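Here are my notes from going through this one. Have the structure open while you read.

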Amino acid sequence: MNFHTRKWIKPEDLNPNGTLFGGRLLEWIDEEAALYTIIQLENQKVVTKYMSEINFIASAKPGDIVEIGIEVNKFGTSSIDLRCVVRNKMTYAIIITIESIILVNLGEDGKPAAHGKTEVEYQHNRMKDRGVDVN
């Protein structure tokens, strides 16, 4: 699993108990899943369709740094199914897991559209294939 995004827990991210508000964390996860999907499918028109059970394992407190990890479970015809783990960057304690987040690729008409992808591609490899110097 690749961890691309880190977030520093600040006072505005807290619930009344003084720990990370779950809604804020889900907002970050949804955004990370969308960004990952946009890059994978090379299309900015994607929507979240489904999130499986959200398993809160531990909390985060002010000053903690959390990191969001995403990996592909599978590619569908017009969708991508992702898995997410959020952990404390300093201790690696898992904060939350989501086994399935499904995002759908949309066409110009706003309806689901086939994306033609079958495996994870890395942007630097795409750029090399297109003759772009990535160094």
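1. Start with the burial pattern on helix 1: G22, L25, W28, I29, E32, A33, Y36, T37, Q40 and L41 are buried. An α-helix has 3.6 residues a turn, so residues three or four places apart point the same way. Read the buried set with that in mind; among its members are L25, W28, E32 and Y36. One caveat for everything here is that the model is predicted.

2. Does the length of helix 1 fall in line with its residue count, or out of line? At 1.5 Å a residue, its 20 residues should span 28 Å, and the end C-alpha atoms are 28 Å apart, so the two agree.

3. What comes right after helix 1? That would be E42, with a positive phi near 55 degrees. E42 sits in the loop between helix 1 and strand 2 (46–51), and is partly exposed, with a relative accessible area of 38%. Most residues other than glycine have a negative phi, which is my reason for flagging this one.

4. Y92 goes on the list too: its phi is positive, near 65 degrees, and it isn't a glycine. You'll find Y92 in the loop between strand 5 (79–88) and strand 6 (94–105). Y92 is partly exposed, at 47% relative accessible area.

5. Y92 turns up again in the ring contacts. R87 lies over the face of Y92, 3.9 Å from the ring centre, and R87 also lies over the face of F3, at 3.6 Å from that ring centre. As for ring-on-ring contacts, the count of aromatic pairs in the structure is 0.

6. Now the largest pocket, with a volume of about 170 Å³. Its lining is made up of N2, H4, T5, E32, L35, Y36, I39, Q40, E121, Y122 and Q123. Which element gives the largest share of that lining? Helix 1 does, with 5 residues. Strand 1 (2–8) and helix 1 (22–41) each supply at least two lining residues. E32, Y36 and Q40 appear in this lining and are also buried in helix 1. By class, the lining has 4 nonpolar, 5 polar and 2 charged residues.

7. Finally, the overall picture. The protein has 2 helices and 6 strands, in the order β-α-β-β-β-β-β-α along the sequence. The C-alpha trace spans about 45 × 35 × 25 Å along its principal axes. Of the 135 residues, 39% are buried.

Methods: Residues are numbered from 1 along each chain as its sequence is written. This is a predicted model: local features need pLDDT of at least 70, side-chain atom pairs count only at pLDDT 80 or more; totals for chains, interfaces and linings use all residues. Side-chain values use heavy atoms; hydrogens and water are left out. On a 1 Å grid over the protein atoms alone, a cavity is a set of points where a 1.4 Å probe fits but cannot get out, and a pocket is an open set with protein on both sides within 12 Å along at least five of seven lines; lining residues have an atom within 4 Å of a point. Grid points are joined across faces, edges and corners, and a volume is the space filled by probe spheres set on the points. Helices (H or I, at least four residues) and strands (E, at least two) are DSSP runs, numbered from the N terminus. Ala, Val, Leu, Ile, Met, Phe, Trp, Tyr, Cys and Pro count as nonpolar, Asp, Glu, Lys and Arg as charged, and the others, Gly among them, as polar. The expected span of a helix is 1.5 Å times one less than its number of residues. Buried means under 20% relative accessible area, exposed over 50%, partly exposed in between (1.4 Å probe, protein chains only). Rings of Phe, Tyr and Trp (its six-membered ring) pair if their centres lie within 6.5 Å; planes under 30 degrees apart count as stacked, over 60 as edge-to-face and the rest as tilted. A charge sits over a ring if NZ of Lys or CZ of Arg is within 6 Å of the ring centre and within 35 degrees of the ring normal.
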